[in-house]
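This report describes one protein chain for a reader at the bench. Please have the sequence and the structure in view while reading.

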Amino acid sequence: MKTLLASTCLAAALFALSGTGARAAACGEVSIAEMNWASAGVAAYVDKIILENGYGCSVSIVAGDTMPTFTSMNEKGQPDMAPELWVNAVRTPLDAAVKEGRLIEAAKILSDGGVEGWWIPKFLSDAHPEIKTVQDALKHPELFPAPEDPSKAAVYNCPSGWNCQISSANLYRALKAEEAGFELVDTGSAAGQEGSIASAFEKKKGWLGYYWAPTPILGKYEMTKLSFGVPNDKAEWDACTAVPDCPKPKVNAYPISDVYTVVTKQFADKAGVAMDYVKARKWDNGTVNKVLAWKDENQATNEDAAKYFLKTYPDMWKGWVKPEVAEKIQSSL
């Protein structure tokens, strides 16, 4: 009887171990794109830590960018996962890839979407509560001195070479900002733009211009996004607002960008319960801004920032996984 009982216990143990091994093997090798902007880079390492420690996957991180990563996933099935894909840039081919079963849209990783617009410092909006729209701000050129000539006012443009530079220039013309005494200032780069915002806060001077979220700057400095007084008109946006040198631009609002985690069909088929996590995982811009601000202030890596997030916001990420998985991840930190 003891022999039979021992054999039964051993068989049960082996079955349990084989089940665990099967689940790990099912997840297997996973490649994740580390996109070349901060929020996506941190997200890649959050996924790496959770998939490895919570689900037994073997994760490799590969360099990525929107178009090259999407094209490779669509045509070659690699990498397995793009944690933060701004899908408006690839909407038509992505829809086709999803319909044809090559790719899958999982979680909407930025729960409030990617945000673009024209912003002013919160200390200025607090001091001037009458400024609620861009048009309101343009009535007060004295509050927004230009960097080279304080007798003039400034609207800071999107960094050079980015698509938003086109839309901001068209909106500047649509709003007749030059007639209101504003010049359109080219910041040259994202770093130049960040520097202009930091300088405005240090000197407690007004700043008006294009910016977006999530970013470290919005985690460091409180900014207020202004309304354009109209909803987004997609047809107008596509036909003119986003078109270089559109002859007759109209006032328009920036669209909210859809930002999803996208995975290959092969990953979804092999990942098992790990796919439940990928479908559930999302965070808001406010949280991401704070994590990116910590990363910037500490000159940390994406992996460091991912660990900081997991240690600082357990109430958020533990809602993405089952309790037994959360325990494994927590013990790994």
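The sections below go from the whole chain to its cores, a helix and a loop residue.

## Overall layout

The model is predicted. The chain contains 16 helices and 10 strands. Along the principal axes, its C-alpha atoms fill a box of roughly 95 × 40 × 30 Å.

Of the 333 residues, 47% count as buried. Among contacts with a separation of 6 or more, 72% are made by residues 24 or more positions apart.

## Surface and charge

The chain exposes about 15900 Å², and 55% of this area is supplied by carbon and sulfur atoms. There are 34 positive and 41 negative charges, and the mean positions of the two sets are 5 Å apart.

## Nonpolar cores

The largest nonpolar core has 43 residues, of which Val46, Trp283 and Val321 touch the most other members. Helix H2 gives the most to this core, with nine residues. A second, separate core is made up of 42 residues, including Trp118, Phe144, Phe182 and Leu226.

What surrounds Trp283? Leaving aside neighbours within four places in sequence, Trp283 is in contact with Ser39, Val42, Ala43 and Val46, and also with Ile109, Leu110 and Ser111. Its other contacts of this kind are Val288, Phe309, Met316 and Trp320.

## Helix H16

Helix H16 covers residues 323-332, and Val325, Ala326 and Ile329 are buried in it. Seen down the axis of H16, the buried residues fall within an arc of 100°, so they line one face of the helix. Pro323, Glu327 and Ser331, on the other side of H16, are exposed.

Which helices help to cover the buried residues of H16? Among what covers them are helix H2 (38-55) and helix H15 (314-317). H2 is also the element that gives the most residues to the largest core.

## Ala242

Ala242 lies in the loop between helix H10 (234-241) and strand S10 (259-264). Is Ala242 buried, exposed or partly exposed? Ala242 has a relative accessible area of 34%; because this value falls between the limits of under 20% for buried and over 50% for exposed, the residue counts as partly exposed.

Not counting residues up to four places away in sequence, Ala242 touches Ile166, Asn170 and Trp237. Pro83 is 159 residues from Ala242 along the chain, and the C-alpha atoms of these two residues are separated by 26 Å.

Note on methods
Residues numbered from 1 in each chain as written. Predicted model: local features only at pLDDT ≥ 70, side-chain atom pairs only at ≥ 80, totals over all residues. Heavy atoms only, no water. Helix = DSSP H or I, 4+ residues; strand = E, 2+ residues; numbered from the N terminus. Buried < 20%, exposed > 50% of the residue type's maximum accessible area, 1.4 Å probe, protein only. Contact = heavy atoms within 4.5 Å. Areas by Shrake-Rupley, 256 points an atom, 1.4 Å probe, with all protein chains shown as cover. Lys, Arg positive; Asp, Glu negative; His and termini not counted. Charge placed at Lys NZ, Arg CZ, Asp CG, Glu CD. Arc of directions from axis to C-beta. Core = buried A, V, L, I, M, F, W, Y, C linked by side-chain atoms within 4.5 Å.
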